[in-house]
Amino acid sequence: GSSDDSAKGGDGGSGDKIVLGFSQVGAESGWRTANTESIKASADAAGITLKFANANGKQEQQIADIRSFITQGVDVIAFSPVVTSGWDAVLKEAKDADIPVVLTDRAVDSQDTSLYKSFIGSDFKLEGKKAGEWLLKQYEGKNEPVNIVELQGTTGSAPALDRQSGFQEAIKANPNLKIVKSQTGDFKRADGKTVMEAFLQSEKDIDVLYAHNDDMGLGAIEAIKAAGKKPGTDIKIITVDAVKDGMTALAAGEINFIVECSPLLGDQLMQTVKKVKAGESVEQRIVTEETTFTQEQAKEALPTRKY
Ligand code: AHR
């Protein structure tokens with residue numbers, strides 16, 4: 001992966017500054033761009049030397065990037081794992097090298113939780129639940145079949161798994177609500193568009209689209225318009241994230257509801273990194289605080305929205 005070292009004065013050593021190796025998933029979405037910016041800005045503000053690697057959505061690359069951080073002997077490693085499984089070996093290598101690891105944004109399924117110090121990020125299952133509960137309310141007291149299509153995030157990633165299960169659990173309360181198609185769009189706008197095109201061709205009657213992130217929802221909106229339908233009206237749309245482009249579409253009536261997922265994890269990460277380096281104890285799990293947005297709330301929030 002491309003490694004850009006944002007350290008200033010780089011003489012190999014960095015004095016007494018903490019060196020943090022951060023392995024990012026990729027640049028798949030507006031959320032990810034905002035997350036990367038948050039991490040870089042917060043490292044700068046905290047006086048932490050950041051070694052940043054972008055894995056372009058590939059687990060092998062992420063593992064290679066983490067190994068390279070271990071070889072370089074960074075003080076702390078943080079990463080956002082692309083998928084949940086397959087991390088035990090490299091986490092063990094970090095532990096053996098006495099380099100503490102902090103997870104941000106996404107979880108791993110490792111049974112041995114001593115392999116990392118803390119996990120900072122959203123409750124994705126709760127996000128899915130909030131999406132499902134909103135939909136449940138829309139059809140309260142109605143007795144009609146509701147055909148839902150789902151655009152899943154990256155296969156095997158924590159947000160895709162949890163947003164799917166949280167949503168499913170919530171909509172169970174009304175047996176009329178049925179997921180008729182569900183496929184991955186890899187959290188990307190272009191994939192959201194092509195998968196939605198296929199959904200529209202195979203399903204005559206789509207009432208609702210649930211997209212695991214704004215970008216896929218925005219791609220799907222293009223497909224819906226191209227099929228001569230009105231997004232937000234002919235097909236109700238629920239997404240997750242609440243990045244600027246998503247909020248703009250929500251305010252414009254093309255999305256109906258967004259569950260917030262905050263990408264601004266940088267400050268909490270840097271605080272945790274400092275504590276871990278100082279040998280202080282940290283919370284094993286730090287959950288991000290988040291809200292939801294209706295169309296009216298999006299109009300209010302947009303002017304001051306930072307990302
Ligand atoms: O892990 C967080 C998810 O990853 C965001 O919801 C999505 O937009 C991103 O790609």
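In this predicted model, strands E11 (residues 257-260) and E13 run antiparallel and are joined by three bridges. Within this pair, Val-259 stands opposite Thr-292 of E13. The two strands belong to an open sheet of six, arranged in the order E8-E7-E9-E10-E11-E13 with mixed pairing. Strand E8 (177-184) and strand E13 (292-294) each have a single partner strand and stand at the edges, so one side of each is left without a neighbour in the sheet. On average, and with direction ignored, neighbouring strands of the sheet are turned by 15 degrees against each other.

Helices accompany this sheet. Helix H4 (residues 124-138) packs on the sheet and touches E8, strand E9 (208-211), strand E10 (236-241), E11 and E13. The direction of H4 makes about 160 degrees with that of E10. Helix H8 (residues 244-251), in turn, lies across E10, E11 and E13 and runs at about 150 degrees to E11.

Attention now turns to the ligand. The residues surrounding the ligand are Glu-28, Ser-29, Trp-31, Arg-32, Asp-105, Arg-106, Pro-159, Phe-187, Asn-213, Val-240, Asp-241 and Cys-261. Two elements, helix H1 (30-46) and E10, give two or more residues to this shell. Strand E10 thus links two parts of the description, being a strand of the open sheet and a contributor to the ligand shell. Sorted by class, the shell holds five nonpolar, five charged and two polar residues.

The chain as a whole can be described next. Its secondary structure comes to ten helices and 13 strands. The radius of gyration is 20 Å, close to the 19 Å given by the globule rule for 307 residues, so the protein chain is as compact as a globular protein of that length. Along the principal axes, the C-alpha trace spans about 65 × 40 × 30 Å.

Finally, an unreviewed UniProt entry carries the annotation "domain: Periplasmic binding protein" for residues 21-280. Over residues 21-280 the chain is 45% helix and 20% strand, and the C-alpha atoms at the two ends of this stretch are 19 Å apart.

Conventions
Residues numbered from 1 in each chain as written. Predicted model: local features only at pLDDT ≥ 70, side-chain atom pairs only at ≥ 80, totals over all residues. UniProt positions renumbered as here; feature names shortened; annotations may be inferred. Helix = DSSP H or I, 4+ residues; strand = E, 2+ residues; numbered from the N terminus. Pairing = 2+ DSSP bridges. Axes fitted to C-alpha atoms, helices over the stretch in contact; angles between N-to-C directions. Contact = placed C-beta atoms within 7 Å. Near = placed C-beta within 6 Å. Nonpolar A, V, L, I, M, F, W, Y, C, P; charged D, E, K, R; others polar. Rg over C-alpha atoms; globule rule 2.2 N^0.38 Å.
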